[in-house]
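Colleague: Could you take me through one part of this model up close? I'd like to see how the last helix sits against the rest, and what comes right after it.

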Amino acid sequence: SLWCRGWNGKRIKELAPSADILNEYKYGGGDWSRYEERFNKEILGGRSAKKLDKLIKEKWGDRDYCFCCYEKSNLKCHRRLVMEWMMKNGLECKEY
């Protein structure tokens, strides 16, 4: 996963888009539907909500946490894809 310049907080590399997914999107014509398809399949596909919940709690404990992304809008952002997946799989989350 790529590191967001200036961010020094905790991160979950397993939920970040791979360099391959990002590069295809950035330099391969900007096809968001393809990005979304690949992200959902390669990053979120096959995950279990229980294991993701455990992974998050290992990083943050029982504290509140947030997902950050350098995109200005959530319309074309991996954090929205993660949140949609979480809600669909019974994990509580809110967007602020």
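Modeller: Let's start with Leu52: skipping its neighbours within four places in sequence, this residue is in contact with Leu15, Trp85, Met86 and Leu91. Keep in mind that this is a predicted model. Trp85 and Met86 belong to H4, where they are buried. Both also turn up, along with Tyr35, Phe39 and Leu52, as the residues that touch the most other members of the largest nonpolar core, which has 22 residues. That core draws at least two residues from each of four helices: H1 (19–27), H2 (32–44), H3 (49–60) and H4 (78–88).

Now for H4 itself. The helix is mostly covered, with 8 of its 11 residues buried. Besides Trp85 and Met86, the buried set takes in His78, Arg79, Arg80, Leu81, Val82 and Met83, so you'll find charged side chains in there as well as nonpolar ones. As for what does the covering, H2 and H3 are among the elements that lie over the buried residues of H4.

Then comes the stretch you asked about. Asn89 is in the segment after H4, and counts as partly exposed because its relative accessible area is 32%, between the 20% limit for buried and the 50% limit for exposed. Along the chain Asn89 and Ala49 are 40 residues apart, yet their C-alpha atoms are separated by 5.9 Å. Ala49 is where H3 (49–60) begins. Gly90, just after H4, takes a positive phi of about 85°. Leu91 brings us back to the starting point, as one of the contacts of Leu52.

Methods:
Residues are numbered from 1 along each chain as its sequence is written. This is a predicted model: local features need pLDDT of at least 70, side-chain atom pairs count only at pLDDT 80 or more; totals for chains, interfaces and linings use all residues. Side-chain values use heavy atoms; hydrogens and water are left out. A nonpolar core is a set of buried Ala, Val, Leu, Ile, Met, Phe, Trp, Tyr and Cys residues joined through side-chain atoms within 4.5 Å. Buried means under 20% relative accessible area, exposed over 50%, partly exposed in between (1.4 Å probe, protein chains only). Contact means heavy atoms within 4.5 Å.
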